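Let's take a walk through this one together. Have the model open and rotate it as you read.

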Amino acid sequence: MILIPFTLNRRHVRLGTIALAFIFVIINLVLYCNSSSKAQIIDKVGSFTNEHKITLTDMINDGQIRNFKNSTTVKSKDILSFIRPSFANKGQRPKACFVTLVKNSEFDGIVKSIRNVQKKFNSQFKYDWIFLNDEEFTEEFKLGITNEISSVVKFGLIPKEHWSYPEYIDQSKAAETRKDMARVIYGSSESYRHMCRYQSGFFWRHPLLDDYDWYWRVEPDIKLYCDTNYDVFQWMQDHEKVYGFTLTMYENKKTINTLWNTTVDFFDNHPEYISSDNLMEFISNDQGHTYNLCHFWSNFEIANLNLWRSPQYQEYFDYLDHAGGFFYERWGDAPIHSIAASLLLPKDKIHHFADIGYRHKPNDNCPIDTKVWEENNCECNPEKDFTFHKYGCGTQFYDAAGIAKPKGWETHRG
Ligand SMILES: Nc1nc2c(ncn2[C@@H]2O[C@H](COP(=O)(O)OP(=O)(O)O)[C@@H](O)[C@H]2O)c(=O)[nH]1
Ligand SMILES: [Mg+2]
């Protein structure tokens, strides 16, 4: 080792002090800059939070959901701007079709439904009919169906990616759920879950539906009881309605344990998607704290496809899909469509077709207005109408929508 002789003199001490002072200043400067940029970030978060401070949860807690229209902080992105083009066609025939999701094995049941719908409505109005299946329809099925319908008939195969597990779903957990839910109706069924997910998030994406604005959903073994002598699609279009139903009821809570909380989480992030004139009072008895399980029974729907095609609904579906409840519970498309329509749309866009007598086991929609019942040659018993039955949700719907209930409704509570 080479030793360099070194003597510490005053000059060295002075230089050292200056160097230390310099380092001290630099360190402080860095610390200051750091803390001031943190302050700026906190400020930004603060103002961000301020801009979005009203969430669905806030509205629920403040009991504000009814007076949501008075809120000034939430900017509204108008879902109706996606739907309005379908109203532009007033007085003209709408682009509409029937849609049926069905299995080959359900041939007899769907033929019964078709004969009935043709007789009561479609032999007069001749709308196209689209059939969808997750498997190829057999030639026999296609021939048999085509023979029953005098208008255009199209058959579509559902793409695999619309009827399979997304990569974010844990399939062993899904299988476990099916075992645990064996006692719940369809609780052990895998295909029923794919069906519900498909009806919620995909049927309207099938390319065969691209040509249409409106659809009427028909299932096997349903029945129309009355003649419908007006064009219901044109009525929806000309009256600027978006979603039409016949039956309402309560969902089985066991199938949707976390659906409401997941919905609240979604709308907490998107309060601007909630209509200022929403139908929250149909789906909640406590202004949004809890879901009352009321829903439109989706085996019958006459509705506008652009509702589901809207970014608002697609984002909602996507959020639900990632939460996994289609497979880890047994979320149905009926509560999902109903919650979405009730929150995204102004209430006057939703219509009860009291005049379309309809049966899907075990419930009937039968006009209790004698004049309507007689004029349309209805074949049902108004005493069995489910609309205002204590197990249905028609009373909640009429009250929430602010529509007068028909005369005599009190004596149809079952
Ligand atoms: N292609 C196909 N359609 C199905 C399947 N499961 C149910 N569907 C259809 O989905 C709709 C609802 O099913 P459905 O058995 O009527 O259920 P429910 O009304 O809730 O008892 C009907 O139109 C069925 O034909 C399936 O696995 N494949
Ligand atoms: Mg059914």
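What follows goes from the overall picture to a metal site, and then to a helix and a strand that pack together.

Keep in mind that this is a predicted model. The protein has 414 residues, and 52% of them are buried. Its secondary structure adds up to 16 helices and 12 strands. If you take the contacts between residues at least 6 apart in sequence, 79% of them join residues at least 24 apart. As for the outside, the accessible surface is about 20800 Å², with 54% of that belonging to carbon and sulfur atoms.

Now find the little open sheet of 3 strands, which are ordered 5-11-12 and pair antiparallel. Strand 5 (223-224) and strand 12 (363-365) are its edges, each pairing on one side only. Strand 11 (residues 358-360) is joined to strand 12 by 3 bridges, and these two run antiparallel. Look at His360 here: across from it, in strand 12, stands Asn363.

His360 has another job to look at, since its NE2 coordinates the magnesium ion (ligand 2). The other residue coordinating that ion is Glu219, through OE, and the distances are 2.0 to 2.2 Å. Where do Glu219 and His360 sit along the chain? Glu219 is in the loop between strand 4 (214-217) and strand 5, while His360 is in strand 11, so the pair links distant parts of the chain, 141 residues apart. Both Glu219 and His360 are buried. Water is not among the atoms, so a site like this may look incomplete.

Next, head to helix 16 (residues 394-401). Why can we call it largely enclosed by the rest of the structure? Because 7 of its 8 residues are buried. Those are Gly394, Thr395, Gln396, Phe397, Tyr398, Ala400 and Ala401. What do they pack against? The list takes in strand 6 (243-245), strand 7 (248-250), helix 10 (280-283), strand 8 (294-296) and strand 10. Right after helix 16 comes Gly402, which has a positive phi, near 75 degrees.

Strand 10, one of those packing partners, covers residues 350-352 and includes His351. Is His351 buried or exposed? His351 counts as buried because its relative accessible area is 18%, and the cut-off for buried is under 20%. Beyond its neighbours within four places in sequence, His351 is in contact with Trp235, Lys241, Tyr243, Gly244 and Phe245.

Notes. Residues numbered from 1 in each chain as written. Chains lettered and ligands numbered in written order. Predicted model: local features only at pLDDT ≥ 70, side-chain atom pairs only at ≥ 80, totals over all residues. Heavy atoms only, no water. Helix = DSSP H or I, 4+ residues; strand = E, 2+ residues; numbered from the N terminus. Buried < 20%, exposed > 50% of the residue type's maximum accessible area, 1.4 Å probe, protein only. Contact = heavy atoms within 4.5 Å. Areas by Shrake-Rupley, 256 points an atom, 1.4 Å probe, with all protein chains shown as cover. Pairing = 2+ DSSP bridges. Donors = N, O, S within 2.8 Å, 3.2 Å for Na, K, Ca; no water.
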